[in-house]
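Here is a walk through one protein chain, going from strand pairing to surface to confidence. Keep the viewer open and follow along.

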Amino acid sequence: MSFPDGAPCWVQLLTRDADGAQRFYAELFGWECRDQGGWAAAYLDGRPVGAITPYPEASEPPAWTVYLRTSAGFFSLRQPLT
């Protein structure tokens, strides 16, 4: 799978209810979630798109992390967002 620079290429959800999140996002986005031994990889049309991971601390709120594609990691960190 190829993504242009700046495009989201992976998402990760940390949640207290990983099983419920897998069911919810499977219905919402059509994701197929595959157990990876402590977390689940989310696939869309057979391609990996993200992860659903249980939070070790029950008191923390759910959180998303979005990863953006870049072809020049070090250079990208030095440039301001426009």
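Is Arg34 buried, partly exposed or exposed? Arg34 is partly exposed, because its relative accessible area is 32%, and a residue counts as buried only under 20% and as exposed only over 50%. Bear in mind that everything here comes from a predicted model.

**The salt bridge on E2**

Arg34 has a partner: its side chain meets that of Glu32 in a salt bridge, at 3.2 Å from N to O. Glu32 is partly exposed too, at 41% relative accessibility. The salt-bridge count comes to 1.

**Overall layout**

Stepping back, the chain has 2 helices and 5 strands. Read from the N terminus, the order is β-α-β-β-β-β-α. The chain has 82 residues, and 22% of them count as buried. Take the contacts between residues at least 6 apart in sequence: 60% of these join residues at least 24 apart.

**Two hairpins around E3**

Now for the middle of the chain. Strand E2 covers residues 32–35 and strand E3 covers residues 40–44; the two pair in the antiparallel sense over 4 bridges. Going across to E3, Cys33 faces Ala42, while Arg34, the salt-bridge residue, has Ala41 as its bridge partner. The E2 and E3 hairpin leaves 4 residues between the strands, and Gly37 there takes a positive phi near 80°.

E3 also pairs with strand E4 (residues 47–54), again in the antiparallel sense, this time over 5 bridges. On this side Ala42 stands opposite Gly50 in E4. Ala42 therefore appears in both pairings, opposite Cys33 and opposite Gly50, under the DSSP bridge rule. E3 itself is mostly covered, with 4 of its 5 residues buried.

What is notable about the phi of Asp45? Asp45 has a positive phi of about 55° although it is not a glycine. As background, most residues other than glycine have a negative phi. Asp45 lies in the loop between E3 and E4, in a hairpin with 2 residues between the strands. Asp45 is also exposed, with a relative accessible area of 76%.

**Two leucines with distant partners**

Where does Leu14 sit? Leu14 belongs to strand E1 (residues 8–15) and is partly exposed, at 24% relative accessibility. Beyond its neighbours within four places in sequence, Leu14 touches Thr53, Tyr55, Pro62 and Ala63. Pro56 lies 42 residues away from Leu14 along the chain, yet their C-alpha atoms are 9.1 Å apart.

Leu68 belongs to strand E5 (residues 63–68). This leucine is exposed, with a relative accessible area of 52%. With neighbours within four places left aside, its contacts are Gly6, Ala7, Pro8 and Cys9. The C-alpha atoms of Leu68 and Pro4 are separated by 9.3 Å, with their positions 64 residues apart along the chain.

**The surface**

About 6,000 Å² of the chain is exposed, and 55% of that comes from carbon and sulfur atoms. Which residues make the nonpolar surface patch of about 320 Å²? Phe24, Leu28 and Phe29 do. Phe29 is part of helix H1 (residues 18–29) and counts as partly exposed, at 44% relative accessibility.

Here are the accessibility values for the residues discussed above:

| Residue | Relative accessible area | Class |
|---|---|---|
| Leu14 | 24% | partly exposed |
| Phe29 | 44% | partly exposed |
| Glu32 | 41% | partly exposed |
| Arg34 | 32% | partly exposed |
| Asp45 | 76% | exposed |
| Leu68 | 52% | exposed |

**How far to trust it**

The chain averages a pLDDT of 85, and 87% of the residues score at least 70. Which element has the lowest mean pLDDT, and which the highest? Helix H2 (residues 73–78) is at the bottom with 56, and E2 is at the top with 97. Where pLDDT is low, the predicted coordinates should not be read in detail. Helix H2 is the element with the lowest mean pLDDT, whereas E2, with the highest, is the strand that carries the hairpin pairing with E3.

Conventions
Residues numbered from 1 in each chain as written. Heavy atoms only, no water. Salt bridge = Lys/Arg side-chain N within 4 Å of Asp/Glu carboxyl O. Buried < 20%, exposed > 50% of the residue type's maximum accessible area, 1.4 Å probe, protein only. Contact = heavy atoms within 4.5 Å. Areas by Shrake-Rupley, 256 points an atom, 1.4 Å probe, with all protein chains shown as cover. Patch = residues over 30% accessible without salt bridge, like charges linked within 9 Å, V, L, I, M, F, W, Y side chains within 5 Å. pLDDT = per-residue confidence, 0-100.
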